[in-house]
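The following exercises concern the arrangement of helices and strands in one protein chain. Please examine the sequence and the structure before working through the solutions.

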Amino acid sequence: MAHPAGSPAARRDHWDQVYASRAQRQVSWYQPDPRLSAALVTDAAASLPAGRDSAVIDAASLLAQRLTSAGFTDVTVLDVSAAALAAGRARPGSSRIRWVNADLLGWKPPRAYQIWHDRAVFHFLVSPADRAAYLATMRAALPGGGAVILAAFAADGPENCSGLPVARYDPAGLAAELTAAFGDAVTITGHHAEQHRTPAGAIQPFTWLTARLS
């Protein structure tokens, strides 16, 4: 999932503890049906030459099985928590998905992808250094360009989540992060607002941004 400050081991231990202490359907970001994620990935694939054969890298969500059921053939899930990946592998259809246990901030993608999807990881990166590391990984994962789908807590969203402080963004703020990192190589293509209801019944406002990297 996300990456609190500290060493890779500290980040891994934090999220393993989160998943060990709560059932998968009890974590605040759980969605029984990730409709918006699926719709945005499907729209992105439609604009790419490979279509649903485009390689998708998903930063830790429940989206992967939804995509493979919809005909996507090349889906990878990356998570710092082995416990989170074990839960994912236990779900139906997991054999059609690649599972990577790695720290996103230091991961070196071994191949190219065309679609980057992240719902609820980026907002945990409260330091500029961590955001820079994340965006460098994104660039390395999309060396030939591709689609970016990024969701973080909105400006009026929670100030903390899973025992950690978070950053909050309006669409301009998320766009500014990408533009500062990639300059003219990024084109912002859209934004969306979402009111996510947690399993406990709380409402968490999210800002979604879509973009293309060249």
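**Exercise 1.** Determine how α5 and α6 are oriented to each other and which residues meet.

*Solution.* α5 and α6 are roughly perpendicular to each other, a class that covers angles of 65 to 115 degrees. The angle behind this is about 70°, for α5 (residues 128-141) and α6 (residues 171-182), with their axes 11 Å apart. Axes are lines fitted to C-alpha atoms, for helices over the stretch in contact, and angles run from 0 to 180 degrees between N-to-C directions. Helices (H or I, at least four residues) and strands (E, at least two) are DSSP runs, numbered from the N terminus.

Next, identify the residues in contact (heavy atoms within 4.5 Å). From α5 come R131, L135, M138 and R139, and they meet E177, L178, A181 and F182 of α6. By class, the contact of α5 with α6 holds 5 nonpolar, no polar and 3 charged residues. Here Ala, Val, Leu, Ile, Met, Phe, Trp, Tyr, Cys and Pro count as nonpolar, Asp, Glu, Lys and Arg as charged, and the others, Gly among them, as polar.

The model is predicted: local features need pLDDT of at least 70 and side-chain atom pairs pLDDT 80 or more, while totals for chains, interfaces and linings use all residues. Residues are numbered from 1 along each chain as its sequence is written, and side-chain values use heavy atoms, with hydrogens and water left out.

**Exercise 2.** Establish the strand order of the open sheet and find its edges.

*Solution.* The 7 strands of the open sheet follow the order β3-β2-β1-β4-β5-β9-β8, with mixed pairing. Two strands pair if DSSP finds at least two bridges between them. At the edges stand β3 (97-101) and β8 (186-197); each has a single partner strand, so one side of each lacks a neighbour in the sheet. On average, neighbouring strands of this sheet are turned by 20° against each other, direction ignored.

**Exercise 3.** Describe the partners and the surroundings of β9.

*Solution.* First, β9 (residues 203-213) pairs with β5 (residues 146-153) in the antiparallel sense over 8 bridges. Within this pairing, L150 has L209 as its bridge partner, and F153 stands opposite F206.

Second, β8 and β9 pair in the antiparallel sense over 11 bridges, with V186 opposite L213. β8 and β9 form a hairpin with 5 residues between them, and G201 in the turn has a positive phi of about 100°.

Finally, α6 lies across β5, β8 and β9, running at about 35° to β9. In β9, 9 of its 11 residues are buried, that is, under 20% relative accessible area (1.4 Å probe, protein chains only).

Technical notes: Angles under 35 degrees count as roughly parallel, over 145 as roughly antiparallel, 65 to 115 as roughly perpendicular and the rest as oblique. Buried means under 20% relative accessible area, exposed over 50%, partly exposed in between (1.4 Å probe, protein chains only).
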